[in-house]
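Reader: I should like to learn how to read the contact between two domains of a chain. Where should one begin?

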Amino acid sequence: MKDYLQKAYCFNKMVRVYAARTTEACEHARKIHGLWPTSAAALGRTLTVGALMGAMYKSNERLSIRVEGDGPASPIIVEVNGNGDVRGFVKNPEVFMQYNNGKLNVGYAVGSNGFIHVTKDLNLKEPFTSSSNLVTGEIAEDFTYYFAISEQVPSSVGLGVKVDTDNSVIAAGGFILQIMPGCPDEVITRLETILGSLKPASQMIEEGYTPEDMIREITLGDYEILETKEINYFCDCSYDRFRRGIKTLGINEIEKIIKEDHGCETQCHFCHKVYDFSENDLKEIITEIEDEKNV
Ligand SMILES: [Zn+2]
C-alpha cells in the first residue's frame, strides 16, 4: 500500500484534520540511513509531521524543519513540499534507547531542551522562519506547542512509528487536528472530550488504522474528506545544485580544495548519492566566477 494523506473538514468546517500513513517513507529513510530503532522513530515522527504540514501549503512551496534538542539524535532535518514529497536525516542514526515498558524513548534521543525551527519558502522574496521551544522531545507534543505558540492555531498532533524487532518500520503515521477561528465553545468542549479518550496515535498506527479510520475516530464520524494525496520519500538533489553550492564557497576556498585534494566528492545527506567534482570541474567553476565578476 502506498503512503498517502487525507485532509478533512469536520464539525461544520470549524475543525480541520490531516491524517497520514507514512510507513513506506519511514522504512525507506530507515534503510538508506541505517537507522537504529529510536533514531528511526525520531526521524519517522518528524517526517510524518512534515508530510502533514506540507498538506497545508501549495505544491511549489517548501518547508524545512529543524528539530534541535540536546539529545544524541539531534538535530533532525526534514524537508517537504506541498506535493507530498518528504526527505530527511538525523545527526546520529545509531540511537537505541527504550523506556522501562519497552517503548522507544524518543524524548531522550531528541532531548527536551532546544528548539523547533520551521523555515517556509513560499516563493516570496525571502524564506521566513518560525520557532518554538521543545517541550518533551517526543515530537508530537513539541509540534502541538509549536502550532499554539508560533502559528497561534490551537492544534493537537498525534504521531506513531512502530519499529519491529528486526529494526524495520512496520507502521507509521499520524494526524494534526486544528481548530479554526470562530469555532464555537461547544465544539471545543466536545473535541476535548473526544481527544481525552482517544487511543494514542501510536496504538492506532499499530492497529493498522488508515488515514480515514483516524479521521473517523477523531471526529466520531462527523467529517468530509477534501483531499487525498500521495506521500513519497523523494530527494530532488542534483549535480547542478551541488555545483551551485561549491560556487558559493568562493575562489579562495575552491583553490584550496584544488591544491589540497585535486577535486572533491560531495554526498547528499538526504539520499547519500555521491557527486564527484574533478580538478577540472572545479577550475571551470572558478573561471565562471571570474567571468561573472568581469561582466
Ligand atoms: Zn539527495
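Author: One may begin with charge pairing. In this predicted model, the count of salt bridges between domain 1 and domain 2 is 0.

Reader: How many residue pairs are in polar contact between domain 1 and domain 2?

Author: There are 2 such pairs between domain 1 and domain 2, with both residues at pLDDT 80 or more.

Reader: Which elements supply the side of domain 1 that touches domain 2?

Author: At least two residues each come from α1 (23-33), β4 (76-81) and β5 (85-90). The most is given by β5, with 3 residues. By residue class, that side of domain 1 divides into 4 nonpolar, 2 polar and 3 charged residues.

Reader: What are the bounds of domain 1 and domain 2 along the chain?

Author: Domain 1 covers 4-233, and domain 2 covers 239-294. The contact between them draws 9 residues from domain 1 and 5 residues from domain 2.

Reader: How far apart are the C-alpha centres of domain 1 and domain 2?

Author: The C-alpha centres of the two domains are 36 Å apart.

Reader: Buried area is a further feature to read. What area is buried between domain 1 and domain 2?

Author: The area is about 590 Å², and carbon and sulfur atoms give 61% of it. On the side of domain 1, the residues that lose the most area to domain 2 are I32, R87 and F89. Together, I32, R87 and F89 account for 65% of what that side buries.

Notes: Residues are numbered from 1 along each chain as its sequence is written. This is a predicted model: local features need pLDDT of at least 70, side-chain atom pairs count only at pLDDT 80 or more; totals for chains, interfaces and linings use all residues. Side-chain values use heavy atoms; hydrogens and water are left out. Domain bounds come from an automatic or database domain assignment. Contact means heavy atoms within 4.5 Å. Buried area is the accessible area (1.4 Å probe) that two parts lose on being put together, summed over both. A salt bridge is a side-chain nitrogen of Lys or Arg within 4 Å of a carboxyl oxygen of Asp or Glu. A polar contact is a pair of N or O atoms within 3.5 Å; within protein, one must be able to donate a hydrogen and the other to accept it, and residues adjacent in sequence count only if both atoms are side-chain atoms. Helices (H or I, at least four residues) and strands (E, at least two) are DSSP runs, numbered from the N terminus. Ala, Val, Leu, Ile, Met, Phe, Trp, Tyr, Cys and Pro count as nonpolar, Asp, Glu, Lys and Arg as charged, and the others, Gly among them, as polar.
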